[in-house]
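Let's take a walk through a protein model together. Have a look at the picture first, then read on.

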Amino acid sequence: MPEVSMGTHSCMRMRHMSMHMTTVMRITTIMITVITTIIIITTTIAATSSIGTVIPMLMAANRAGPPTASVTMTESETGALYRLMTWLSPSFPVGGFSYSGGIEWAVEAGDISDARSLKDWLAAMLADGSGFCDGVFLAHAHRAVTDDDDRALRDVAELAAAFVPSRERQLETTAQGRAFIEIARAAWDCEGLARAIAQCDGAVVYPVAVGIVGAAHAVPLPATLFAFLHALVSSWISAGSRLIPLGQTDSQRLLAALEGVVSGTAERALYASLDELGAATFRADIASMRHETQYTRLFRS
């Protein structure tokens with residue numbers, strides 16, 4: 001009996017120890033799970049905090065800062081640019097596409113046959129021909145309106161109309177001048193424009209019309225002059241590209257190649273006096289005269 005009791009007692013002790021160990025293991029497992037959960041939560045919070053910090057930083061880096069004075073334009077500057085781009089655009093209805101300034105005859109006569117010969121012809125017309133003279137007339141008309149000098153404006157308008165070398169060129173510049181003023185008064189009228197136009201006796205040629213309207217709208221003279229010469233050479237290139245003919249890429253190359261001539265002519269015309277007026281493009285003047293009797297014509301000049 002004592003041996004049985006001792007065996008039973010030993011079994012009970014072993015059972016209690018086994019239960020104790022099981023309980024310890026369960027508690028350990030629960031603690032490990034809790035610790036793992038805490039680590040995951042802590043990591044998630046840290047990551048969320050980092051994302052919350054990084055996102056505003058990225059947004060701040062990508063957000064445009066306040067504009068600086070060097071990259072902004074004033075209201076008057078944007079208005080002037082908008083008007084010039086409109087007035088001297090090919091879509092402004094002055095009929096510039098109808099005139100070639102004698103280029104049509106020069107193509108038929110063989111003076112102009114490719115992009116290179118057209119470039120040389122236009123460079124001469126710009127620097128030593130009608131381009132320079134028109135620039136001088138525009139500059140003096142603009143200054144006369146700005147200074148409220150009615151007499152000077154009348155004198156410039158009269159001289160510019162008399163300076164055209166042929167009948168067809170006279171038609172070209174006066175028709176475009178009249179159309180420019182009519183559209184400007186209808187869509188872009190402003191104070192002082194009607195008065196300035198009234199000071200001109202007779203027809204107003206195209207460069208004088210641009211100078212008057214630009215000054216009445218307080219568009220700066222240098223920008224007006226440069227934009228006018230750019231529009232003038234663009235119109236000549238358009239005529240030449242249809243007559244030779246030239247492709248669109250060659251036409252743009254030609255316009256790019258003449259940028260320096262346009263800039264130089266604008267600078268000279270800006271500071272030239274009326275006594276410095278003059279042209280040496282006799283062949284271009286003859287072309288505009290011969291065009292009057294040319295048998296087959298696409299253009300009016």
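## Starting in the core

Let's begin with Ile212. Leaving out residues up to four places away in sequence, Ile212 touches Val145, Leu153, Leu193, Ala196, Ile197, Cys200 and Val204. Keep in mind that what you're looking at is a predicted model.

Ile212 belongs to the largest nonpolar core, a group of 76 residues. Together with Leu122 and Val208, Ile212 has the most contacts inside that core. Which helix gives the core its largest share? That's helix 10 (residues 221-243), with twelve residues. As a bit of background, nonpolar side chains tend to be buried together in soluble globular proteins.

## The whole chain

Now zoom out. How many helices and strands does the chain have? There are 13 helices and zero strands, so if you read along the sequence you just get α again and again.

The chain has 301 residues, and 40% of them count as buried. Take the contacts between residues at least 6 apart in sequence: 82% of these join residues at least 24 apart. On the outside, the chain exposes about 17,700 Å², with carbon and sulfur atoms supplying 61% of that.

## A look at helix 7

Helix 7 (residues 167-187) is a nice one for a quick check. With 21 residues at 1.5 Å a residue, helix 7 should span 30 Å, and its end C-alpha atoms are indeed 30 Å apart, which agrees.

The buried residues of helix 7 include Glu168, Arg169, Thr173, Phe180 and Ile181. What do the buried residues of helix 7 pack against? The list is helix 2 (75-87), helix 5 (130-146), helix 8 (193-198), helix 9 (206-216) and helix 13 (282-290).

## The loop before helix 7

Val164 sits in the loop between helix 6 (150-162) and helix 7. Is Val164 buried or exposed? Val164 has a relative accessible area of 18%, so it counts as buried, because the cut-off is under 20%.

Beyond its neighbours within four places in sequence, Val164 is in contact with Arg169, Gln170 and Thr173. Val164 and Cys133 are 31 residues apart along the chain, and their C-alpha atoms are separated by 9.7 Å.

## A patch on the surface

Finally, head to the outside. Met73, Leu81 and Met85 form a nonpolar patch on the surface, and together they have about 310 Å² of accessible area. Leu81 is part of helix 2. With a relative accessible area of 42%, Leu81 is partly exposed, because that value lies between the 20% and 50% cut-offs.

Conventions: Residues numbered from 1 in each chain as written. Predicted model: local features only at pLDDT ≥ 70, side-chain atom pairs only at ≥ 80, totals over all residues. Heavy atoms only, no water. Core = buried A, V, L, I, M, F, W, Y, C linked by side-chain atoms within 4.5 Å. Buried < 20%, exposed > 50% of the residue type's maximum accessible area, 1.4 Å probe, protein only. Helix = DSSP H or I, 4+ residues; strand = E, 2+ residues; numbered from the N terminus. Contact = heavy atoms within 4.5 Å. Areas by Shrake-Rupley, 256 points an atom, 1.4 Å probe, with all protein chains shown as cover. Expected span 1.5 Å × (residues − 1). Patch = residues over 30% accessible without salt bridge, like charges linked within 9 Å, V, L, I, M, F, W, Y side chains within 5 Å. Salt bridge = Lys/Arg side-chain N within 4 Å of Asp/Glu carboxyl O.
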